[in-house]
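Trainee: Let's go through this model piece by piece. Please show me the picture before I start asking.

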Amino acid sequence: MSVRLKLTLSYAGFLMVAGFLLVAVVLVFLLRYVPDEAVTVAAPGGPGLFIPGRSDLWRAFAPKAALALAFLLVLGLAGGWVLAGRMLAPLERITDATRAAGGGSLSHRIALPGRRDEFRDLADAFDTMLARLEAHVAEQRRFAANASHELRTPLATTQALLDVARQDPTHDPDELVERLHAVNARAIDLTEALLLLSRADQRSFTRERVDLSLLAEEAAETLLPFAEKRGVSLETSGDITPTVGSRALLLQMTTNLVHNAIVHNLPSGGSVRVRTAALKGSAVLTVENTGEALDPRVVATLTEPFQRGTARVHGDQAGVGLGLAIVESIVRAHDGHVALMPRAGGGLRVVVRLPAAPPRTDR
């Protein structure tokens, strides 16, 4: 049986039970005070007064009670069918939307009208899920297209170099090997970045207590020679900032932010500041750098894969366009939030908020 039929029978059944209870009340609390047999009481100066017995009242009452119960049954079935249909109408809309989503149409929304109730909450939650799925699928498609394009570039370059070498036997082999080595190194970096991004998205890591201030110092120490080579000053400050997560991924996140701040900086005399702080139950990491003025609309897209806020940076430290995308993925995997905003004097400020680690319990 369908749910609508079950509800209809339930409504009719409850209505019939209520009718039988009313009849039982009449039998038990009313007819019990009526004599079993009819009685005629003599009245002076006139005909006797006839008092019906219990059987007489029952014969008069039973047909009317049967008709009333039959009417209640019909009313319960008809009214229950209509009410069940109206109650289940939102569920039918949700089912239609589910089938549409199963067929690949993620743009369909239920948009259930009316006051907020359980069905409205369910429909709104389903619409929210569809919106997230649609955005995720669109992001994955865009990422796949960008990744294919980025991976095709080094392969096409390698093919072109090999074609030139085959057509020109006098070509310097050392130069060819050097260029092939650079192209292959970039392809390896891109592949490793894609694997790291996938690992962060899957949250396949062990969580432990980590101090962001120590990770900031380690990243700054590692990249200090690179910063000095580019004429960028690097400064770190902050208190102990404990959080919970993967130390390797959080170190990669911090290193990516500092590296990005060094690369996209002023040609000379630039600076990078890295600060950590524990604020209101959050572990906060802030990385800001000097540089050219950035459009806020461009800044909003920097965490998308293969997006760059300025012209492509050339050199052995150019990166593959996944630095901030990896940062956002790692932060999201740690239930945190990352915010990017342009600085008034030029450059970028990145603020990462992660849940603070619970206080240690002394044994």
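Trainee: Which residue follows H8 and has a positive phi?
Mentor: Helices (H or I, at least four residues) and strands (E, at least two) are DSSP runs, numbered from the N terminus. Step past the end of H8 and you meet a positive phi, near 60 degrees, at Asp-335.

Trainee: How many of the eleven residues of H8 are buried?
Mentor: A caution up front: this is a predicted model, where local features need pLDDT of at least 70, side-chain atom pairs count only at pLDDT 80 or more, and totals for chains, interfaces and linings use all residues. Residues are numbered from 1 along each chain as its sequence is written, and side-chain values use heavy atoms, with hydrogens and water left out. Buried means under 20% relative accessible area, exposed over 50%, and partly exposed in between (1.4 Å probe, protein chains only). The buried residues of H8 include Leu-324, Ile-326 and Val-331, and in this helix (residues 323–333) the buried count is eight.

Trainee: Which residue forms a salt bridge with Arg-332?
Mentor: Side chains of opposite charge can pair when their charged atoms come close. A salt bridge here is a side-chain nitrogen of Lys or Arg within 4 Å of a carboxyl oxygen of Asp or Glu. The partner sits four residues away in H8, so about one helical turn separates the two. With the closest N and O atoms 4.0 Å apart, that partner is Glu-328.

Trainee: Is Glu-328 buried, partly exposed or exposed, and what is its relative accessible area?
Mentor: Its partner Arg-332 is partly exposed at 39%. Glu-328 is also partly exposed, because its relative accessible area is 25%.

Trainee: How far apart are the N and O of the salt bridge between Arg-343 and Glu-288?
Mentor: In sequence the two are 55 residues apart, with Arg-343 in the loop between strand E8 (337–342) and strand E9 (348–355), and Glu-288 in strand E7. Arg-343 is partly exposed at 26%, whereas Glu-288 counts as buried at 8%. Their side chains still meet, N to O, at 3.1 Å.

Trainee: Which residues are linked with Glu-288 and Arg-343 in a network of salt bridges?
Mentor: The structure holds eleven salt bridges. In this network, Glu-288 and Arg-343 are linked with Arg-275 and Arg-349.

Trainee: In which strand is Ser-282 found?
Mentor: Ser-282 counts as buried because its relative accessible area is 18%. Contact means heavy atoms within 4.5 Å, and leaving out residues up to four places away in sequence, Ser-282 touches Ala-277, Arg-353, Leu-354 and Ala-356. Its strand covers residues 282–289 and is E7.

Trainee: How far apart are the end C-alpha atoms of helix H2?
Mentor: The expected span of a helix is 1.5 Å times one less than its number of residues. H2 has 49 residues (54–102), so it should span 72 Å. The model agrees with that, as the end C-alpha atoms lie apart by 66 Å.

Trainee: Where in H2 does the kink lie?
Mentor: The bend at a residue is the angle between axes fitted to the seven residues ending there and the seven starting there. In H2 the kink is about 40 degrees and comes shortly before the proline Pro-90. Pro-90 is one of the buried residues of H2, as are Gly-85 and Ile-94. The kink itself lies at Leu-88.

Trainee: Which residue just after H2 takes a positive phi?
Mentor: The phi there is about 105 degrees. The residue taking it is Gly-104.

Trainee: Which helix gives the largest share of the nonpolar patch?
Mentor: Patches are made of residues with over 30% relative accessible area and no salt bridge, with like charges joined within 9 Å and nonpolar side chains (Val, Leu, Ile, Met, Phe, Trp, Tyr) within 5 Å. This one holds Met-1, Leu-5, Leu-9, Leu-73, Leu-77, Trp-81 and Val-82, about 640 Å² of accessible area together, by the Shrake-Rupley method with a 1.4 Å probe, where for residues only the protein chains shown count as cover. Helix H1 (3–29) and H2 each supply at least two of its residues. The largest share, four residues, comes from H2.

Trainee: What percentage of the 363 residues in the chain is buried?
Mentor: The chain has eight helices and nine strands. It exposes about 22300 Å², with carbon and sulfur atoms supplying 60% of that area. For the residues of the chain, the buried part is 32%.
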